[in-house]
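Biologist: Can you walk me through this one? Let's start with a single helix and then zoom out.

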Amino acid sequence: MNLTSPSQVKSWCIGNGFHPNRTLGQNFLIDRNVLDAIVAAAGVGEGQRVLEIGAGLGVLTEAMLHVGASVAAVEKDARLASRLAEALGSPPALRVIEADALELPLDELFTPPFDACVSNLPYSVGTRILLEIARHPSAPRRMTVLVQTEVAERLAAREGGGARGQAGVWVQRDYDVTLVREVKASCFWPRPEVGSTLVRLDRRVCPLSAAERQCFEALTRYAFMHRRKQLGAALRKAPAPLGRSDEDLARILEAAGVDAKNRAETLSNAQWLVLARGFAV
């Protein structure tokens with residue numbers, strides 16, 4: 001079956017009594033040009049280990065195998081997972097994992113680590129899956145994913161923008177974020193109600209210790225929960241372990257070059273790093 005042929009994909013689904021589940025985000029990519037763009041952006045090749053979340057009918061899986069990669073394809077839907085290996089010729093480089101990506105034991109899955117993650121992420125839980133993977137110490141050095149355009153804009157948002165939030169700050173702590181290209185809804189079947197964007201995340205060294213990383217997450221989570229408040233006022237009422245005296249809080253903010261009147265979305269990631277170190281002491 002040509003997995004980028006709308007007529008063949010629809011015919012297979014009808015012939016097998018399969019009805020794509022919108023709740024699971026089953027919108028299958030049916031555009032060859034977009035598929036080629038994903039492969040090019042991912043930059044994977046011979047002998048590399050690739051993680052794919054939400055393999056579906058296997059269009060991305062097949063493309064990754066074609067360039068010589070070994071693929072661990074995660075698929076929650078038992079009907080799709082059971083057919084995937086056989087449909088692609090049962091290649092030895094393919095491992096199918098029937099599981100909910102949010103319930104995977106990542107310590108076990110990432111031993112040894114993957115070189116890349118290439119996925120058309122389910123709309124409903126794509127952000128949660130991406131954050132779980134990106135925050136793991138052994139996360140892939142590059143992730144190339146299709147997500148809703150709104151999600152992509154949040155991941156790439158810089159300080160001061162309206163889309164700036166916790167998800168973008170967390171991802172940008174460890175990754176450089178590149179918006180590769182927009183993808184029209186017509187490139188999927190069934191057609192989703194919103195457009196998508198191809199995003200590439202390239203991992204870089206994070207200077208924080210494990211304890212400082214935990215503080216970074218606690219701090220930013222609390223700050224963005226109170227994003228309408230000025231940062232000084234919000235943190236003055238923070239519970240343990242973030243609670244500080246007024247003097248200590250003023251000192252920590254000053255060291256990071258942060259005005260107490262600033263709001264969470266105005267801070268750069270560099271400032272959040274300094275704040276995390278200050279609060280971790």
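**Helix H4 and the whole chain**

Modeller: This is a predicted model. In helix H4, residues 78-87, the buried residues are Leu80, Ala81, Arg83 and Leu84.

Biologist: What do the buried residues of H4 pack against?

Modeller: They pack against two helices and three strands: helix H1 (6-15), helix H3 (59-66), strand E1 (28-29), strand E3 (70-75) and strand E4 (94-98).

Biologist: Which residue follows H4, and what is its phi like?

Modeller: Gly89 follows H4. The phi of Gly89 is positive, near 90 degrees.

Biologist: Now zoom out. How many helices and strands does the chain have?

Modeller: The chain has twelve helices and nine strands. Its radius of gyration is 21 Å, and the globule rule gives 19 Å for 281 residues. Those values are close, so the chain is as compact as a globular protein of that length.

Biologist: What box do the C-alpha atoms fill?

Modeller: Roughly 70 × 40 × 30 Å, along the principal axes.

Biologist: What share of the residues is buried?

Modeller: Buried residues are 52% of the 281 in the chain.

Biologist: And contacts? What share joins residues at least 24 apart?

Modeller: It is 68%, counted among contacts between residues at least 6 apart in sequence.

Biologist: Switching to the surface. How much area does the chain expose?

Modeller: About 13,200 Å². Carbon and sulfur atoms supply 49% of that area.

Biologist: Last one, charges. How many positive and negative?

Modeller: The chain has 34 positive and 31 negative charges. Their mean positions are 5 Å apart.

Methods
Residues numbered from 1 in each chain as written. Predicted model: local features only at pLDDT ≥ 70, side-chain atom pairs only at ≥ 80, totals over all residues. Heavy atoms only, no water. Buried < 20%, exposed > 50% of the residue type's maximum accessible area, 1.4 Å probe, protein only. Helix = DSSP H or I, 4+ residues; strand = E, 2+ residues; numbered from the N terminus. Contact = heavy atoms within 4.5 Å. Rg over C-alpha atoms; globule rule 2.2 N^0.38 Å. Areas by Shrake-Rupley, 256 points an atom, 1.4 Å probe, with all protein chains shown as cover. Lys, Arg positive; Asp, Glu negative; His and termini not counted. Charge placed at Lys NZ, Arg CZ, Asp CG, Glu CD.
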